[in-house]
Amino acid sequence: IAFRNLFAEYFDTSVIDSASGIFKSEVLFLIDENGTPSNVQAIGSFVDFNQECIITFYKIIHKGKWKPAEKDGVPVKSVYKFRISIKSWGEIKMNW
């Protein structure tokens with residue numbers, strides 16, 4: 001939950017300000033045996049949204065310590081999958 005909250009705090013929603021719809025991306029990254037994240041990818045249909053997901057990940061990557069997965073009590077590499085979706089109504093214009 002802490003990662004998701006931090007991600008939401010640093011995510012720049014301006015990439016979708018002028019668009020409307022539901023934007024989805026699946027962020028995948030590797031956590032090595034030492035708990036170091038790398039190889040981040042974002043997969044989704046809106047390139048700018050995916051790019052902002054990657055940028056946000058790198059903004060928060062060092063704000064905490066990652067715990068590596070373990071197999072038989074030994075730290076191992078693992079892939080972490082994080083799904084994000086945001087609904088946007090696009091630019092709202094007021095005509096006075």
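How many Å should the 14 residues of H2 span, and how far apart are its end C-alpha atoms? At 1.5 Å a residue the expected span is 20 Å, and the end C-alpha atoms are 20 Å apart, which agrees. The model described here is predicted. The points below start from helix H2 and go on to the nonpolar core, the strands, the salt bridges and the aromatic rings.

**Helix H2**

- Helix H2 covers residues 47–60.
- The buried residues in H2 are Phe 49, Asn 50, Glu 52, Cys 53, Ile 54, Thr 56, Phe 57 and Ile 60.
- H1, E1, E2 and E5 are among the elements that cover these buried residues of H2.
- Glu 52 lies in helix H2, and at 7% relative accessibility Glu 52 counts as buried, because buried means under 20%.
- Leaving out residues up to four places away in sequence, Glu 52 touches Tyr 10, Phe 11, Asp 12, Val 15 and Lys 59.

**The largest nonpolar core**

- The largest nonpolar core has 20 residues, and those that touch the most other members are Phe 3, Phe 7, Val 27, Phe 29, Phe 49, Cys 53 and Ile 84.
- At least two residues of this core come from each of helix H1 (2–10), strand E1 (20–31), strand E2 (37–43), helix H2 (47–60) and strand E5 (78–89).
- H2 gives the largest share of the core, 5 residues.
- Cys 53 touches Phe 7, Phe 11, Ser 25, Val 27, Ala 42 and Ile 84, when residues up to four places away in sequence are not counted.

**Strands E1 and E2, and Pro 37**

- Strands E1 and E2 pair in the antiparallel sense, over 5 bridges.
- Opposite Glu 26 stands Ile 43, in E2.
- The hairpin of E1 and E2 has 5 residues between the strands, and in this hairpin Gly 35 takes a positive phi near 85°.
- Pro 37 belongs to strand E2. Is Pro 37 buried or exposed? Its relative accessibility is 11%, so Pro 37 counts as buried.
- Beyond its neighbours within four places in sequence, Pro 37 is in contact with Phe 29, Leu 30, Ile 31, Phe 57, Ile 61 and Trp 66.
- Pro 37 and Lys 65 are 28 residues apart along the chain, and their C-alpha atoms are separated by 9.5 Å.

**Salt bridges**

- Side chains of opposite charge can pair when their charged atoms come close. How many salt bridges does the structure hold? There are 2 salt bridges in the structure.
- One of them joins Glu 26 and Arg 83, whose closest N and O atoms are 2.9 Å apart.
- This pair links distant parts of the chain, since Glu 26 is in strand E1 and Arg 83 is in strand E5, 57 residues apart.
- Arg 83 has a relative accessible area of 55% and is therefore exposed, the cut-off being over 50%.
- Lys 59 and Glu 52 also meet in a salt bridge, at 3.9 Å from N to O.
- In the Lys 59 and Glu 52 pair, Lys 59 is partly exposed, with a relative accessible area of 40%, whereas Glu 52 counts as buried at 7% relative accessibility.

**Aromatic rings**

- A pair of aromatic rings is described by the distance of the centres and the angle of the planes. The count for this structure comes to 16 aromatic pairs.
- Phe 23 and Phe 46 have ring centres 5.1 Å apart and planes at 45°, so this pair is tilted.
- The Phe 23 and Phe 46 pair links distant parts of the chain: Phe 23 is in strand E1 and Phe 46 is in the loop between E2 and H2, 23 residues apart.
- Phe 23 counts as buried, at 9% relative accessibility, whereas Phe 46 is partly exposed, with a relative accessible area of 25%.
- Phe 57 and Tyr 58 form an edge-to-face pair, with 5.6 Å from centre to centre and 85° between the planes.
- Phe 57 counts as buried, at 1% relative accessibility, whereas Tyr 58 is partly exposed, with a relative accessible area of 44%.
- Ring pairs link a cluster of aromatic residues that includes Phe 3, Phe 7, Phe 11, Phe 23, Phe 29, Phe 46, Phe 49, Phe 57, Tyr 58, Trp 66, Tyr 80 and Phe 82.

How values were computed
Residues are numbered from 1 along each chain as its sequence is written. This is a predicted model: local features need pLDDT of at least 70, side-chain atom pairs count only at pLDDT 80 or more; totals for chains, interfaces and linings use all residues. Side-chain values use heavy atoms; hydrogens and water are left out. A nonpolar core is a set of buried Ala, Val, Leu, Ile, Met, Phe, Trp, Tyr and Cys residues joined through side-chain atoms within 4.5 Å. Buried means under 20% relative accessible area, exposed over 50%, partly exposed in between (1.4 Å probe, protein chains only). Helices (H or I, at least four residues) and strands (E, at least two) are DSSP runs, numbered from the N terminus. Contact means heavy atoms within 4.5 Å. The expected span of a helix is 1.5 Å times one less than its number of residues. A salt bridge is a side-chain nitrogen of Lys or Arg within 4 Å of a carboxyl oxygen of Asp or Glu. Two strands pair if DSSP finds at least two bridges between them. Rings of Phe, Tyr and Trp (its six-membered ring) pair if their centres lie within 6.5 Å; planes under 30 degrees apart count as stacked, over 60 as edge-to-face and the rest as tilted.
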